[in-house]
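Open the model in your viewer and keep the selection box ready. The tour moves from one stop to the next.

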Amino acid sequence: MVFLALAAGIAGADGEPIALVWSPGLASPDSPDWVGLHRLAGGQIGLLPEAGMREGGEIRQIDTYDPDALYMLISPPDRATLERGELPVQWARALGIDGAPDAGVLRGLRFLCSDGVQSLVRLPESLRGVLREPGGRVQELPRPREVELRTAPPAPPPVGARDAELWQALANAANSDRLFADLDYLSTTLQTRYYSTPEMDLACEYVLAEFEALGLTAYFDPFTYHGHELKNVVGVTLGSVDPAQIYIVCGHLDSISPEGETLAPGAEDNGSGSAAVLEAARLLASLPCDYTIYFICFSAEEQGLVGSEHFASQAAAEGLDIRAVLNLDMVAYHEPQGDDLWVEGFYDGVPSVWLMDLVQANAETYADLLVYRYEGNGWGSDHVPFHEYGYPAVLSIDNEWYNYPCYHQTCDTVDWLDANLWRSITATNAVSVAQLAQVQASVGTLDGKTVLPGGGDLADVSLHLVGTGYAERTSAADGYFVWNAIFPGTYTLVAEKLAYETVTEEVTITGGETTTVELVLEPVGSDVADAVPGNPHVRLQIMPSSVVDDVAIRLDLPAPAEGRLVVYGADGRLVGTPLRWAAHLQGAHTLTWRTRHTDGTLVPAGLYWVRWEEVGHSISKRFVVVR
Ligand SMILES: [Zn+2]
């Protein structure tokens, strides 16, 4: 988005009047931080509306900017009243003016533009009184800040093949199980993280403890807002080459809803971004880096970017050399169609186009995401204050954020979150900050064998690293399996094969080394527990024990038997008959149940039982359907 303007007055060196420009579609009605007056490159002043930016609306000049005047957004005083240059009744009352408005008083009040929701007016200082009792929503737009133009830092070095393998391994290592585990506490145990609640303090304590446990230099960055003692939570890993050069990964921790004091789970907004910051720290904290990384969870974002404004202004005042800011806000809500990741930055002031390029390239290359590049300048989250203080900053947000049905609602809970998208956006930002800060790491190898008790090779065992993006493996005829490029860290390895007990093993990978494991899989069902009285050798197995689509059922009938295989739900109702009643059944039968009702509709998620029924006897096995 380009704002056409002339420089003058406070900014324009040449004394030319400043054009105030605007595009249709003033502001989203639900948060003050969507709109503001912004000084643009070369000193122009622009009104950055939300909707207007979305549609890339036409740009027009609406005023000559007057630094001494008040600029206010008003809704709902009716537009017609303002367009007539009259004071809304409420304002007249607020100004203690009875009866017909006095023309004198109106002088200086200018109606500038409206999108039917809100109107922008310019008022002389003398009319500040109307702010006290507006009879509708009034928001004074703060004066635009003088911005010190900083030169964009150099883009990171090109990625070589070995690096590409390393960055792919890092991307794969991001773990969705760990992300959900964070929200078990932050979004489920804690019912709210509204900025002024004790629960928000507990959430800050949780993040601090995580940072400390990772060996980061962790601390609270305190500030006061509306009489509340609040804090941002910061974890730092210092660079070894130039510790003064700083790269930030951040997201706000606080949440909001109409019942903020008691119920604001904020899973998507912004538990998802906070957990992503924690996961990036888990992936990178133990590794050396050339430059310094700050992991930050901000407070009071929903109150108007208060925590990040505090941090950015302090950083600018102290002259911190922040080279790039990667902000994550709402990164786990997904709709099947369209793009996945929305990347936005700034084209004016300190441009962050190079940073958007980096994040977009990493998202497409290492996380297989479809990226939407927002054409307008960033708005509405914690990347904005950094930009305004002259630091390159970008936002990662899921592409359908504006369709999220539980935005700022009490229903913003974890069951809306898409594990894969969340993990992929987290991975994208972890790779981006690792490249920027030049994290030093090398991949390791994980290999091993799947064997039977007593040592025989066991082929065709499916192996996966829980919660990660690493591709599954299947052990070879000799039981061998290998992952060649695993990012250093600790993983949960699971080995599964039909008719065998599932094996779970914790493995630690070290860069440049090979970790070898031997996994012994016990055959399932040899014990009496599974046998049908009178037909001791019947075996019933199901695989896997949690399914999305098909469940494989294996029935071993060493002796002739008469019976059927059925599936029951937790409510005891019959939902499927993989094998109808039959006599003279014998031998091994492998059947598939498609987790659908007889009418073809999918059965809901939940617990189910496969049961082999004979006259008077039955055995059953439990499994889970996940949707
Ligand atoms: Zn948010």
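Start with F487. Contact here means heavy atoms within 4.5 Å. Leaving aside residues up to four places away in sequence, F487 touches L166, A169, L170, A173, L283, L284, L287, A441, Y470 and I509.

A word on the source. This is a predicted model, where local features need pLDDT of at least 70, side-chain atom pairs count only at pLDDT 80 or more, and totals for chains, interfaces and linings use all residues. Residues are numbered from 1 along each chain as its sequence is written, and side-chain values use heavy atoms, with hydrogens and water left out.

Next, add L284, F295 and L493 to F487. In the largest nonpolar core, which has 93 residues, these four touch the most other members. Domain 2 (161-206 + 215-247 + 260-392 + 408-436) and domain 3 (444-520) each supply at least three residues to this core. The domain bounds come from an automatic or database domain assignment. A nonpolar core is a set of buried Ala, Val, Leu, Ile, Met, Phe, Trp, Tyr and Cys residues joined through side-chain atoms within 4.5 Å. Buried means under 20% relative accessible area, exposed over 50%, and partly exposed in between (1.4 Å probe, protein chains only).

Now select C406 and C411. They form a disulfide (cysteine sulfur atoms within 2.5 Å), with their sulfur atoms 2.0 Å apart. The structure holds one disulfide. Its S-S torsion is about -115°, so the disulfide is left-handed. C406 is buried at 3% relative accessibility, whereas C411 is partly exposed at 32%.

Last stop: C204. This cysteine is in no disulfide, and the nearest cysteine sulfur, that of C297, is 8.3 Å away. C204 is buried, at 2% relative accessibility.
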